[in-house]
Every structure is written in structure tokens, then in C-alpha cells.
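Me: I'd like to walk through a structure with you, feature by feature. Could you give me the general idea each time and then the case at hand?

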Amino acid sequence: MISEDANLADTRPTPPATAVDRNLTLEIARITERAAIAAAGWRGKGDEMQADKAAVLAMHDALNAIDIAGRVVIGEGRDAELLAFEDAVGTGTGPAIDVAVDPLEGVTGCAKNVADSLSVMAFAERDGLMRVPDAYMEKIAIGRGYPQGIVDLDQSASDNIRALAKAKGVAATDIVACLLDRPRHASLIAELRELGVAVKLLPDGDIAAVIHAANSDDTGIDIYLGSGGAEEGVLAAAAMRCMGGQMQGRLILDTAEKKSRARELGIKDLAAKFTADEMAHGDVLFAATGVTDGSLLRGVKLLPHKVVTSSVVMRSWSHTTRWITAEHGRV
């Protein structure tokens, strides 16, 4: 099992009793690997439904083989056959765990065999993950090392860029922003380019985009802006909790049904801004495995005698991030 680094064992405080068992760090990676490998068999075949179905089934079976009393809080929807909201998962023995899943983020990317399709999962102690309706979420994220509140969803994109540039000691024209390449972001992209900001557009995968912003020293991306799925926002917040940095999300509840569903899930202020700590609190594990080659992870390699996967696994309590390349034998 993956454990915390030995040279840090004597300096870290003892984890709280509610902390997620660290031995689950390897288990969560194995689950996303299984789902990614299953989806990879459908890369480039143009069938989004079959690719997603394969990933969901593989993740479901792998998840039910581990010793947790799990509960799905972010899943495939209320009426899904597998991994539906509030479904019990795991063997039913072991720690009580809340589970967030996205077996195939970037379904279209997998079907077309283009960048940034991932299998993603988060574990948290019970009640550690926010429940959200099937809606969009406005998001902003930056890496660690900045004063709290330096960026805010209530500020314009230009004001956020200027504040971030001032904190970094650079010009606004030196800032790199990451967004999903969507028509709804046209005015935002125009505003950023008018300011002279370099814009990196991703075809899919705003979970990866948030991780890029949190890992700016390696990626060169300073900020993530725009809107994407609310459930993906909670998964991204789980990653942000593990990596450090700042993130805010605000639900876009543009129908009466979405507002009603949000209230059912316990969200009282429908216009509230939520931080990463509010969306994913307590001890959190996060894992992602690449399905297609992307800006975050390499895709699954299906070779004659082995399968090679590329994953990232994180834990919030220790702020540990591990990049794992695994070889799986083929019969």
C-alpha cells in the first residue's frame, strides 16, 4: 500500500480519528485505472454511450470490491442504473466514506480520441463532499501562495487578472488563463484578450483545468475562469483541497427545477459563493487516470502484452501528490 513518506512520519501531527484511511490512496488509484482502461477500448470509435457505459461498469465493480461503507454523493444521476446518487458502494465493511465519481470526464473526447479525457474519483470522510444539482457552476481558481480573497467571483475577470498580476509582481500581459473552449465563454475570452492575457482553451475537462491552475509552477497556467458542470466543480474542489490554492464556485440555477433541487440538497442561499473548503472538507483523497493523452496525464497505452496507465493521486491531510505510471499485464 502507498503510505506517507517515512521522513515526514515524525513531524506530522496524528491524523484525526475521522481521517480517511491512508491505505485507500492506492485503492482509489486502482479504481480510476480500471475505469480508464475500460473506456480506452472505445477511444475514437464515435460511441459516447458505450465508452461511458464501459467506464461506469468498471468503476462500479472495482469500487464494490473494496472494504468501505461508501455512499455516492456525486455520481451518474438520480435515476442511473449504477453509481446513482445515494447508492451504497463498497463491501459495506470498513470506514464510512462519501464518494464522488466521474468515470469518464470528457466523453466526447474519448469518442473522438482527442485530449483530456479522464477517469476521476474522490473519497472523503462522511458528509465531507457537497451535494449539488445537475447544473452549471461558475468557477475561479488560482494556485497557492496568495493572500486570501485576492480573486473573487464578484469581481470582473479584468479586475481579477490585475489583482493576480500585482500579487505576482508581473504585468497583466504575463498572466496565462485557462478556460473551456465553449461558445458561452466568447465574451470572457474577448475581455481577457483585450487585456493582453494569454488564453489556453481546453476542449473538455475543467477538472484538469483547475488542477493546472493549482499547479501553476509546472503548468505555467495562473488562473482558471469560466463555467462548467457543478458536479465536476466539487471534484475539482477535492483536488484543490489536496494541492492548496484558492477556488470559488457559484451554482448557475437558471430554472425553477434546478432551484428546487438545490434546496432539496440543503443549499439555502442559492446565490452563495462556495470555497474549495466548503465543497470538499475534512480529509479528502482524489485520483484521476488519463484515458486519452492530455495536458494533465498521458492516456492509456494498450500494448500487446501489457497496459500502461498514468494517474495522479492526492490527499488533503498530508498535501501529498503522487504521479503514478503503472503497468498491467494482459492475459
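**Reading the model together**

Reply: Happy to. Keep in mind that this is a predicted model. Let's begin with a helix: α1 is mostly covered, since 13 of its 17 residues are buried.

Me: And how does the length of helix α1 compare with what its 17 residues should span?

Reply: You count 1.5 Å a residue, which for helix α1 (residues 24-40) gives an expected span of 24 Å. The end C-alpha atoms of α1 are 24 Å apart, so the two agree.

Me: Let's zoom out. Into which domains is the protein chain divided?

Reply: There are two entries here: domain 1 takes 23-129 + 283-329, and domain 2 takes 136-279. Their C-alpha centres lie 23 Å apart. As for how they meet, 29 residues of domain 1 are in contact with 25 residues of domain 2.

Me: Now the nonpolar cores. Which residues touch the most other members in the largest one?

Reply: That core has 53 residues, and I211, M247, F286 and M314 are the ones that touch the most other members. Helix α8 (residues 230-243) gives the most to this core, with 10 residues.

Me: Where does this core lie with respect to domain 1 and domain 2?

Reply: Between them, because domain 1 and domain 2 both give residues to this core. There is also a second, separate core of 34 residues, and A51, I66, F123 and V300 are included in it.

Me: Back to M247 for a moment. Which residues is M247 in contact with, leaving aside its neighbours within four places in sequence?

Reply: Quite a list. Among them are K139, I140 and A141, then V210, G233, A236, A237 and M240, and also F274, T275, A276 and M279.

Me: A141 is in that list. What does A141 stand opposite in β9?

Reply: A141 stands opposite M247. For the general idea, strands of a sheet pair through backbone hydrogen bonds, either parallel or antiparallel. In this case strand β5 (residues 136-142) and strand β9 (residues 246-252) pair in the antiparallel sense, over 7 bridges.

Me: In what order do the 6 strands of the open sheet come?

Reply: Read it as β7-β6-β8-β5-β9-β10, with mixed pairing. At the edges stand β7 (198-202) and β10 (274-275); each has a single partner strand, so one side of each is left without a neighbour in the sheet.

Me: Next, cysteines. How many disulfides does the count come to?

Reply: General idea first: a disulfide is a covalent bond between the sulfur atoms of two cysteines. The cut-off to use is sulfur atoms within 2.5 Å, and by that rule the count comes to 0 disulfides. Take C242: the nearest cysteine sulfur, that of C178, is 19 Å away, and C242 is in no disulfide.

Me: Is C242 buried or exposed?

Reply: Buried, because its relative accessible area is 1%, and buried means under 20%. C110 counts as buried too, at 0% relative accessibility.

Me: Last one, backbone angles. What is phi of D116?

Reply: Near 75 degrees, which is a positive value in a residue other than glycine. D116 sits in the loop between α3 (107-112) and β4 (118-125), and D116 is buried, with a relative accessible area of 3%. D127 also has a positive phi, of about 65 degrees, although D127 is not a glycine. You'll find D127 in the loop between β4 and β5, where D127 is partly exposed, with a relative accessible area of 44%.

How values were computed. Residues are numbered from 1 along each chain as its sequence is written. This is a predicted model: local features need pLDDT of at least 70, side-chain atom pairs count only at pLDDT 80 or more; totals for chains, interfaces and linings use all residues. Side-chain values use heavy atoms; hydrogens and water are left out. Buried means under 20% relative accessible area, exposed over 50%, partly exposed in between (1.4 Å probe, protein chains only). Helices (H or I, at least four residues) and strands (E, at least two) are DSSP runs, numbered from the N terminus. The expected span of a helix is 1.5 Å times one less than its number of residues. A nonpolar core is a set of buried Ala, Val, Leu, Ile, Met, Phe, Trp, Tyr and Cys residues joined through side-chain atoms within 4.5 Å. Domain bounds come from an automatic or database domain assignment. Contact means heavy atoms within 4.5 Å. Two strands pair if DSSP finds at least two bridges between them.
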